[in-house]
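Q: I am new to this protein and would like a close look at one part of it. Please show me the model before we begin.
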Amino acid sequence: MMTQPRARRAFWGDIRFLIGVALVILSIVGVWLIVSSARQTTPVLQADRTIAQGEALISDDFRVVEVSLGNVVDGYLAPQDLEPGMVASRTLADGELLPVAAAADALSSRTTSIVIESSVGIPESVDVGTPVELWFAPPLAETDEFDAPRILVADVVVASIPEADGMLAQRSAMLEIVIDRSDVADVLAAITAGAALSVVPLGHSS
């Protein structure tokens with residue numbers, strides 16, 4: 001009895017099988033790469049407190065945290081990237097990671113800080129990092145009164161608010177503000193002339 005020869009597998013059937021195997025392998029490798037990338041962490045700096053614009057960036061004000069940032073890791077500063085002379089180019093919130101864009105060289109910074117006294121106290125809503133308007137009321141000649149208040153600098157940032165000394169320490173009327181260097185002369189002139197200064201949170205009126 002003669003047997004029929006076994007039919008040979010079609011060539012395209014073998015190709016489809018190999019392509020299927022290759023796709024499965026590629027899928028497995030892709031998933032492994034994604035999982036592996038998600039597990040990779042990088043040490044970056046995280047603010048331990050609110051840091052106002054213009055403040056010096058020092059290691060004591062940051063903690064090192066391990067985070068997974070993927071492709072955006074180059075946009076944040078690692079501990080070894082923090083160099084002497086760096087200042088905050090914008091206000092950093094407590095707990096915020098330190099972006100490269102928020103750090104600037106002090107010599108190239110357009111801002112500086114000065115200390116002023118608010119004649120009407122400091123609003124409770126004003127804290128470190130709060131953007132405020134600086135208002136002033138020029139003294140009237142030969143009187144103890146002041147002219148109508150007006151805006152002296154439209155956009156400054158509070159750098160610090162010292163506390164008064166004593167058992168019942170309260171916030172003093174002194175505060176340190178960060179202003180553009182071009183506005184320093186006007187502020188100092190107002191102080192020298194005896195003008196009454198006050199700060200108003202942005203969005204409020206004096």
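In which strand is Gln46 found? Please describe the surroundings of Gln46 too, and then place that spot within the whole chain.

A: Gln46 is found in strand β1, which covers residues 42-47. A few ground rules come before the details. This is a predicted model, with residues numbered from 1 along each chain as its sequence is written. Local features need pLDDT of at least 70, side-chain atom pairs count only at pLDDT 80 or more, totals for chains, interfaces and linings use all residues, and side-chain values use heavy atoms, without hydrogens or water.

Now to Gln46 itself. Its relative accessible area is 16%, so Gln46 is buried (under 20% is buried, over 50% exposed, partly exposed in between, with a 1.4 Å probe and protein chains only). The side chain of Gln46 has a polar partner: one of its polar atoms lies 2.8 Å from the backbone oxygen of Gly95. Such a polar contact pairs N or O atoms within 3.5 Å; within protein, one must be able to donate a hydrogen and the other to accept it, and residues adjacent in sequence count only if both atoms are side-chain atoms. Gly95 is also among the contacts of Gln46 (heavy atoms within 4.5 Å). Leaving aside neighbours within four places in sequence, the full set is Asp61, Phe62, Arg63, Val65, Gly95, Glu96 and Leu97.

Where does β1 sit in the chain? The protein has two helices and nine strands. These are DSSP runs numbered from the N terminus: H or I with at least four residues for helices, E with at least two for strands. Along the sequence, the pattern reads α-β-β-β-β-β-β-β-β-α-β. Helix α1 spans residues 11-39, and Leu26 lies in that helix. Leu26 offers a contrast to Gln46: Leu26 has 58% relative accessibility, so it counts as exposed.

Next comes a residue in another strand. Met86 lies in β3, residues 86-88. With a relative accessible area of 17%, Met86 is buried. Beyond neighbours within four places in sequence, Met86 is in contact with Glu55, Ala56, Leu57, Leu77, Asp81, Ala103 and Ala104. Met86 and Ala102 are 16 residues apart in sequence, and their C-alpha atoms are 9.8 Å apart in space.

Further along is Ser118, in the loop between β5 (111-117) and β6. Its relative accessibility is 2%, so Ser118 counts as buried. The side chain of Ser118 reaches the backbone oxygen of Gly121 at 2.6 Å. Outside four places in sequence, Ser118 is in contact with Ala173, Leu175, Leu197, Ser198 and Val199.

That loop leads to β6, residues 131-137, a strand that is mostly covered: six of its seven residues are buried. Two strands pair with β6 (a pair needs at least two DSSP bridges). One is β7, residues 150-160, antiparallel to β6 over five bridges. In that pair, Leu134 stands opposite Val153. The other is β9, residues 196-201, which runs antiparallel to β6 and is joined to it by six bridges. There, Val132 stands opposite Pro201.

Finally, the whole chain. Of its 206 residues, 31% are buried. Among contacts with a separation of 6 or more, 63% join residues 24 or more positions apart.
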